There are 2 protein chains.
Amino acid sequence: MTAVSTSETVSPSTGTLGKAIALVELVALSERPLRFTDILDLAGQPRGTLHRQLGHLVEEGLLELNADHCYEPGLRLLKLASRAWGRSDLRRLAAPHLQALHDATGETIHLGMLRDTEIIYLDKVESRQAVRMASQIGRASPAYCTGVGKAALAALPQSRLDALLDVMDFRPFTQHTIVARPVLEAEIAAIRKAGHAFDREEHEAGIRCVAAAIFDQERTFVGGVSVTGPAYRVGEEMLDTWAPLVRAAAEAVMEEIAARLGPKG
Amino acid sequence: MTAVSTSETVSPSTGTLGKAIALVELVALSERPLRFTDILDLAGQPRGTLHRQLGHLVEEGLLELNADHCYEPGLRLLKLASRAWGRSDLRRLAAPHLQALHDATGETIHLGMLRDTEIIYLDKVESRQAVRMASQIGRASPAYCTGVGKAALAALPQSRLDALLDVMDFRPFTQHTIVARPVLEAEIAAIRKAGHAFDREEHEAGIRCVAAAIFDQERTFVGGVSVTGPAYRVGEEMLDTWAPLVRAAAEAVMEEIAARLGPKG
DNA sequence: AATTAAGTTCCAGATAGTGGAACTATCTAT
DNA sequence: ATAGATAGTTCCACTATCTGGAACTTAATT
């Protein structure tokens, strides 16, 4: 199911459910509050249909309708997600190693997983965290311009990588963002050779990062770790220095994964 | 779902969507990984139906099917929830006041909202946070045995309160948990009089807490703040000392809410 | 290798979702 | 304050989607 075959079009919908979740996403990802009519324009569905769907979503607690008729993401999403987060094996196994990596580098550590063409951050260790912390967890960023993302791409089997590149929507976030497929493919080759990936201000100006991939016992990619810091403090040589540490942290998580299932392999 | 109301039956489903979300919740709230057959037993739906529903949920990224045929909550939940969290107005407005309250007391601060009979925690400020932090955010706890929860109950209009008490499922978490409705009603009366609520080891043994309600401009309850600490360090006198601080913090958030909409009232 | 359990697919029938249009409430400008 | 316009809600015949029993395939167990 996962990999997309060459010509076969992926079935576009999951019926009712797909439409419903699309609405939740529409509301959740929107920058500003949306009123009924705003959604009507964006979703392109007939009035009656949309109204009922939104009604259902509100009743289920996935959306909420506030006093000034704006739809907002619902609290139930938080409840469900917090359980998802708490139960993640990868996160649990990786946590101590993220902390160790933070202690060694003093910079922000991320743990991310690949979902379609995006990296979703599962965990983060940061020193000067005020209240911001959880804000990053769950954040989705494009794979082609982040450290963990590029490490992920390089870790995929070629067929799967090609499929992803086909559907990738390249956007220049900074002047360093790689927006040409051949350039990205060369970069991926380099990452495969080196065993780690850099993000040289490709997603956010002034932010650099080194990342390494984590594999499970079947050598399939399960996630990535990274060290991230501001460019004024983190030179490219520094990234080179950290690269072995990041790779070692990734290795340590892999051993943890192997150990968890017992030594039978 | 929990209990049955007096006579008026709440419409039991939102059709297809309700069943789908119920499955997500089933999987997310389960302590251990569930295989297809486990879910089959728990959900009480025919094989074919269940299989298709799960298939749709996996395709949508709300669930994931891992290598050993276990269904797990999907990453997409995290993505959606992180946006819900980031966009919450109450959270944004309250954040500085939570911090201030933490600075004043040195103990853990929670911000929670009421959803049905549960309190869902929206934010938290804590000193010795290792990696645990986000674990609490999104956590759902029963209203009748938590500080914020009881403050919430006391803040509701009587009709709504009665309706909630009717469907509430009292469980003794500790030996101090209030499990008798009349006792809880007396407690709620006291909370209304005092303007703040205590949790005297009612949810977790060894944990005490003071909480106050936050209202919007129409005097409807929108959330609650609390200070929580271990019983060995936090005596009941200490809770009394903190009560005015907690109320002041709640007041400050209310002023923030009023200010946001401009001075027109 | 045989047996049992777990997981997947199929299809006629029934349910729940669809969407156009009519209706009501709310906002805006005069 | 009133008219006009815009936003939000309700209704119902139609039909697309979901249902669920049973047959089938694959994996685990003895």
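A residue counts as partly exposed when the number of other C-beta atoms within 10 Å of its own falls between the limits for exposed, 12 or fewer, and buried, 20 or more. Glu201(A) has 19 other C-beta atoms within 10 Å and is therefore partly exposed. The model discussed here is predicted.

**Chain A and two residues with positive phi**

Chain A contains nine helices and nine strands. Of its 265 residues, 39% count as buried. Among the contacts in chain A with a separation of 6 or more, 59% are made by residues 24 or more positions apart.

Most residues other than glycine have a negative phi. Two residues of chain A that are not glycine have a positive value instead: Asp116(A), with phi near 55°, and Glu201(A), also with phi near 55°. Asp116(A) lies in the loop that joins strand 4 (108–115) to strand 5 (118–125) of chain A, while Glu201(A) sits in the loop between strand 7 (197–200) and strand 8 (207–215) of that chain. The table sets out their surroundings.

| Residue | Phi | Other C-beta atoms within 10 Å |
|---|---|---|
| Asp116(A) | near 55° | 14 C-beta atoms, partly exposed |
| Glu201(A) | near 55° | 19 C-beta atoms, partly exposed |

**The contact between chains A and B**

Chain B contributes 46 residues to the contact and chain A contributes 47 residues. On the side of chain B that touches chain A, two or more residues come from each of helix 1, helix 3, strand 3 (70–73), helix 4 (75–87), helix 5, strand 4 (108–115) and strand 5 (118–125) of chain B. Helix 4 of chain B gives the most, with 13 residues. By residue class, this side of chain B comprises 24 nonpolar, eleven polar and eleven charged residues.

A turn of 180° with a shift of 0.0 Å along the axis lays chain B on chain A with an RMSD of 0.1 Å. The two copies are thus related as by a two-fold rotation axis. Both copies use the same surface, since 100% of the contact residues of chain B recur in chain A.

**The surface near DNA strand C**

There are 19 residues around DNA strand C, and those that come nearest are Pro46(A), Gly48(A), Gly15(B), Phe36(B) and Gly48(B). At least two residues of this surface are supplied by each of helix 1 (15–29) and helix 3 (47–60) of chain A, and by each of helix 1 (15–29), helix 2 (36–43) and helix 3 (47–60) of chain B. Helix 3 of chain A provides the largest share, five residues. In composition, the surface near DNA strand C has three nonpolar, eleven polar and five charged residues.

**Helix 9 of chain B**

Helix 9 of chain B covers residues 236–260, 25 residues in total, and reaches 36 Å from its first C-alpha to its last, close to the 36 Å expected at 1.5 Å a residue. The helix bends by about 35° at Trp242(B), with a proline, Pro244(B), following within four residues.

Trp242(B) is also one of the buried residues of helix 9 of chain B; the others are Leu239(B), Val246(B), Ala249(B), Ala250(B) and Val253(B). In an α-helix there are 3.6 residues a turn, so residues three or four places apart point the same way. The partners against which the buried residues of helix 9 pack are helix 5 (89–105), strand 7 (197–200), strand 8 (207–215) and strand 9 (221–230) of chain B.

Key:
Residues are numbered from 1 along each chain as its sequence is written. Chains are lettered from A and ligands numbered from 1 in the order in which they are written. This is a predicted model: local features need pLDDT of at least 70, side-chain atom pairs count only at pLDDT 80 or more; totals for chains, interfaces and linings use all residues. A residue is near a molecule or strand if its C-beta atom, placed from the backbone, lies within 6 Å of it. Ala, Val, Leu, Ile, Met, Phe, Trp, Tyr, Cys and Pro count as nonpolar, Asp, Glu, Lys and Arg as charged, and the others, Gly among them, as polar. The expected span of a helix is 1.5 Å times one less than its number of residues. The bend at a residue is the angle between axes fitted to the seven residues ending there and the seven starting there. Two residues are in contact if their C-beta atoms, placed from the backbone, lie within 7 Å. Copies are superposed by least squares on the C-alpha atoms of residues with pLDDT of at least 70 in both.
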